[in-house]
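Thanks for making time this morning. I would like to walk through one model with you, beginning with the protein and DNA and then turning to the way the two protein chains meet.

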Protein chains: 2
Amino acid sequence: MISATEEDYIKAIFNISRKIKNAMVGTNQIAKEVNTSPASVTDMLKKLKTKDLIQYEKYKGVKLNPTGTKRAVLLLRRHRLWESFLVEKLGFGWDEVHDLAEQLEHIESDELINKLDDYLGNPKFDPHGDPIPDVQGIFTLRNQQLVQHLSVGESGIVVGVKKHDKDFLHHLSQFKIEIGKSISVLEKFAYDNSISVKIDGQKDIMIGAIISENVFVKKL
Amino acid sequence: MISATEEDYIKAIFNISRKIKNAMVGTNQIAKEVNTSPASVTDMLKKLKTKDLIQYEKYKGVKLNPTGTKRAVLLLRRHRLWESFLVEKLGFGWDEVHDLAEQLEHIESDELINKLDDYLGNPKFDPHGDPIPDVQGIFTLRNQQLVQHLSVGESGIVVGVKKHDKDFLHHLSQFKIEIGKSISVLEKFAYDNSISVKIDGQKDIMIGAIISENVFVKKL
DNA sequence: AATATTTTTTAGATTTGTCTAAAAATAAAT
DNA sequence: ATTTATTTTTAGACAAATCTAAAAAATATT
């Protein structure tokens, strides 16, 4: 039995160590991620170690072991499938589903999540374009690049985002930039890294660096 | 903020006091319902009182106040909508959904449950034939009676069950007795209260008192 | 290398929900 | 109406997850 709280710590360790591939994670980093004190993290790490979910020596940092990693991937699978359900079936916006999925991902049932997966048609990506691990924990890879790296004259289909916060997603929606839309680069301005683009063959707009550095497209 | 545990106690009080309309509920009864000790119940009752969810004087029993009742009805709404979703959309059997709904009903979001309601087409009854309270907390009433009270020659459509445990529901499914099926009474045996019936115009079977006393039909 | 800074861990307390065992109140029975 | 039995509450303790403040270890700086 792994509690929701323990799962949150596992997720945190997974998320942090994902950024710096396979690196040891520090107590302070985790504390920030789960919004608690470093002392609480130390307590929890001891517990997760006795439960054999992490590799941990005091003062030396943590790493998920295979069991912990498997759990983290399952949580990611649950989270992303619930997000897909909320957007595809219930009509939530992609900027509204994170907190709900955060609750739903702790519902304990393999049968439920696998049936949900089938019901959704076994999607490979969630509403933000992030890959959904399958039952085996396998992620589908995809070649993608940042809008920033498109040259003038090139175009691509929006397939994902690098930033996931509500405000950024909402901002994108206002520009009609969403998964599946096409983006063509008309002109690039080195001065402030802003780019003039055409969205979905519709009107031309200027996008700033924050957008071009955080939106992934698949080049056409 | 009401915790999942507190919600479980509110549900318990609601369920017990529903049987004996508006009666005061005892500590021991609640302890049995939530599977804990009477001492723990007393502790929780104190807390629920400070949160102004119940009417409670020591040694005199408990009753939900309007706020507590509202919460209990909301929980029933959530539970039954999730059960409907699990059966109608994900393909679970009606005998498999209780425990999952017990988890899902604690997900905190009015928007979620109302969107789910719409997605399901605002069903008035759940997979067991129990009424689903609407957003206002209003239950749809229905005239129904136990199979037991049908006379020889009469028939009805199965609309609900009185017993809800997994084994009973599974047993009914084996007899092809499910919501929507028709039941015609062919012969009644006073000796052991067994009844010979025809299910859905198909084959004749004998049903025992346990079934006839726990299956509701709408007379045709 | 010695000192200063940052990070991490321990120590001790708190909250939530639980327990057992004993005491108090209520209800039942003779 | 007293005794007996049942129900309920208190008292004290425990596990989970958290906190603050202080100590210990590791890292960085001069």
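Let me start at DNA strand D, where α1 (4-19) and α3 (38-50) of chain A, together with α2 (27-34) and α3 (38-50) of chain B, each supply at least two residues of the surface near that strand; helices here are DSSP runs of H or I with at least four residues, numbered from the N terminus, and a residue is near a strand if one of its heavy atoms lies within 4 Å of it. Before going further, I should say that this is a predicted model, in which local features need pLDDT of at least 70 and side-chain atom pairs count only at pLDDT 80 or more, while totals for chains, interfaces and linings use all residues. Residues are numbered from 1 along each chain as its sequence is written, chains are lettered from A and ligands numbered from 1 in the order in which they are written, and side-chain values use heavy atoms, with hydrogens and water left out.

Of the 21 residues around strand D, those that come nearest are Thr36(A), Ser40(A), Lys47(A), Tyr56(B) and Lys58(B), and sugar and phosphate make up 77% of the strand's atoms that come within 4 Å of the protein. As for individual polar contacts, meaning pairs of N or O atoms within 3.5 Å, a backbone N or O atom of Ser37(A) lies 3.0 Å from a phosphate oxygen of strand D, and a backbone N or O atom of Tyr59(B) lies 2.9 Å from a phosphate oxygen of that strand. Asp43(A), by contrast, places a polar side-chain atom 3.3 Å from a base oxygen of strand D.

Turning to DNA strand C, we find 21 residues around it, the closest being Tyr56(A), Ser3(B), Thr36(B), Ser40(B) and Lys47(B). The elements that each supply at least two residues of this surface are α2 (27-34) and α3 of chain A and α1 (4-19) and α3 of chain B. Side chains reach phosphate oxygens of strand C from both chains: a polar side-chain atom of Thr42(A) is at 2.9 Å, an N or O atom in the side chain of Lys46(A) is at 2.9 Å, and one in the side chain of Tyr9(B) is at 3.0 Å.

How are the two chains related to each other? Chain A can be laid on chain B with an RMSD of 0.1 Å by a turn of 180 degrees and a shift of 0.0 Å along the axis, the superposition being by least squares on the C-alpha atoms of residues with pLDDT of at least 70 in both. The two copies are therefore related as by a two-fold rotation axis. Leu104(A) is the residue of chain A that comes closest to that axis, with its C-alpha at 3.8 Å.

Finally, the interface itself, where 19 residues of chain A are in contact with 19 residues of chain B, contact meaning heavy atoms within 4.5 Å. The area buried between the chains, that is, the accessible area (1.4 Å probe) lost on putting them together and summed over both, is about 1600 Å², and carbon and sulfur atoms give 72% of it. In chain A, Leu90(A), Lys115(A) and Tyr119(A) lose the most area to chain B, together 30% of what that side buries.

Methods
Buried area = accessible area lost by both parts, 1.4 Å probe. Polar contact = N/O pair within 3.5 Å; in protein donor to acceptor, adjacent residues only side chain to side chain.
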